[in-house]
Amino acid sequence: MATHDLDQTVKLLRTLAIPLRLELLVVLKKRGGHIGLPLILADLGEDRVSQSNVYEHLQALIGEGLVETKRVERKVFYGLGKGIADAVETLDALAKKLGPARDRGGEGGGQSGGNGCGGGR
């Protein structure tokens, strides 16, 4: 992986490391199109997050191209940005480079379960 690609991947992972940002992307995907902040807050649970907190995280996602805005008169609506496809491609490439997850249990010699090497009763 080239240094530039690696830097971009790290930046993307840092942006997505905050659970609320992932929730925002899921809400926008689920709703489709562009939606206003009140509807986003309703989906997230207004008692759980503040408008200013959601706005701050939306700005971070906009900065990465994962979310875009559309203005209609004085209202701002949010939707998935064109950068979301690149992000999915980047994450998919990273997953392929890392390979499949190891089996951590069962018969594969993982930490749980017996391995037949003493320690029994």
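1. Two strands are taken to pair if DSSP finds at least two bridges between them. In this predicted model, strand 2 and strand 3, the latter covering residues 75-80, meet that criterion with six bridges and pair in the antiparallel sense. Within this pairing, Val67 stands opposite Leu80 in strand 3, Glu68 has Gly79 of strand 3 as its bridge partner, and Thr69 is bridged to Tyr78 of strand 3.

2. For orientation, the chain contains five helices and three strands, and, read from the N terminus, its elements follow the order α-α-β-α-α-β-β-α. Of the 121 residues in the chain, 26% are buried. Among the contacts in the chain with a separation of 6 or more, 47% are accounted for by residues that lie 24 or more positions apart.

3. The three strands form an open sheet, whose order is 1-3-2 and whose pairing is antiparallel. Strand 1 (35-36) and strand 2 (67-72) are at the edges with a single partner strand each, so one side of each has no neighbour in the sheet. Strand 1 is joined to strand 3 by two bridges, and these strands run antiparallel; Gly36 has Phe77 in strand 3 as its bridge partner. As background, the strands of a sheet pair through backbone hydrogen bonds, either parallel or antiparallel.

4. The turn that links strand 2 to strand 3 deserves a separate remark. These two strands form a hairpin with two residues between them, and Glu73 is placed in the loop that lies between strand 2 and strand 3. Glu73 has a positive phi of about 55°, although Glu73 is not a glycine. What is the relative accessibility of Glu73, and does it count as buried or exposed? The value is 76%, and Glu73 therefore counts as exposed, the cut-off being over 50%.

5. The contact between helix 3 and helix 4 comes next. The axes of helix 3 (residues 37-44) and helix 4 (residues 51-63) come within 11 Å and cross at roughly 105°, which means that helix 3 is roughly perpendicular to helix 4. On the helix 3 side the contact involves Leu37, Ile40, Leu41 and Leu44, and these meet Gln51, Val54 and Leu58 in helix 4. By residue class, the contact of helix 3 with helix 4 comprises six nonpolar residues, one polar residue and no charged residue.

6. Helix 2 also packs against helix 4, at an angle of about 80° and with the axes 10 Å apart. Helix 2 and helix 4 are therefore roughly perpendicular to each other. Helix 2 contributes Leu20, Arg21, Leu24 and Leu25 to the contact, while helix 4 contributes Asn53, Val54, His57, Leu58, Ala60 and Leu61. The residues of the contact of helix 2 with helix 4 divide into seven nonpolar, two polar and one charged.

7. Which residues of the largest nonpolar core touch the most other members? This core has 20 residues, and those in question are Leu24, Ile40, Leu44, Val54 and Leu58. Two or more residues of the core are given by each of helix 1 (3-16), helix 2 (19-31), helix 3 and helix 4, and helix 2 supplies the largest share, with five residues. In general, nonpolar side chains in soluble globular proteins tend to be buried together.

8. Ile40 may be followed in more detail. Once its neighbours within four places in sequence are left aside, Ile40 is in contact with Leu24, Val27, Leu28, Ile35, Val54, Leu58 and Tyr78. Of these partners, Val54 and Leu58 also appear in the contact of helix 3 with helix 4, and Tyr78 is the bridge partner of Thr69 in strand 3.

9. Leu41, which is also placed in helix 3, is the final residue considered here. At 7% relative accessibility Leu41 counts as buried, because the cut-off for that class is under 20%. Apart from its neighbours within four places in sequence, Leu41 is in contact with Glu46, Val49, Ser50, Gln51 and Val54. The C-alpha atoms of Leu41 and Tyr55, which are 14 residues apart along the chain, are separated by 9.9 Å.

Notes: Residues numbered from 1 in each chain as written. Predicted model: local features only at pLDDT ≥ 70, side-chain atom pairs only at ≥ 80, totals over all residues. Heavy atoms only, no water. Axes fitted to C-alpha atoms, helices over the stretch in contact; angles between N-to-C directions. Helix = DSSP H or I, 4+ residues; strand = E, 2+ residues; numbered from the N terminus. Parallel < 35°, antiparallel > 145°, perpendicular 65-115°, else oblique. Contact = heavy atoms within 4.5 Å. Nonpolar A, V, L, I, M, F, W, Y, C, P; charged D, E, K, R; others polar. Core = buried A, V, L, I, M, F, W, Y, C linked by side-chain atoms within 4.5 Å. Buried < 20%, exposed > 50% of the residue type's maximum accessible area, 1.4 Å probe, protein only.
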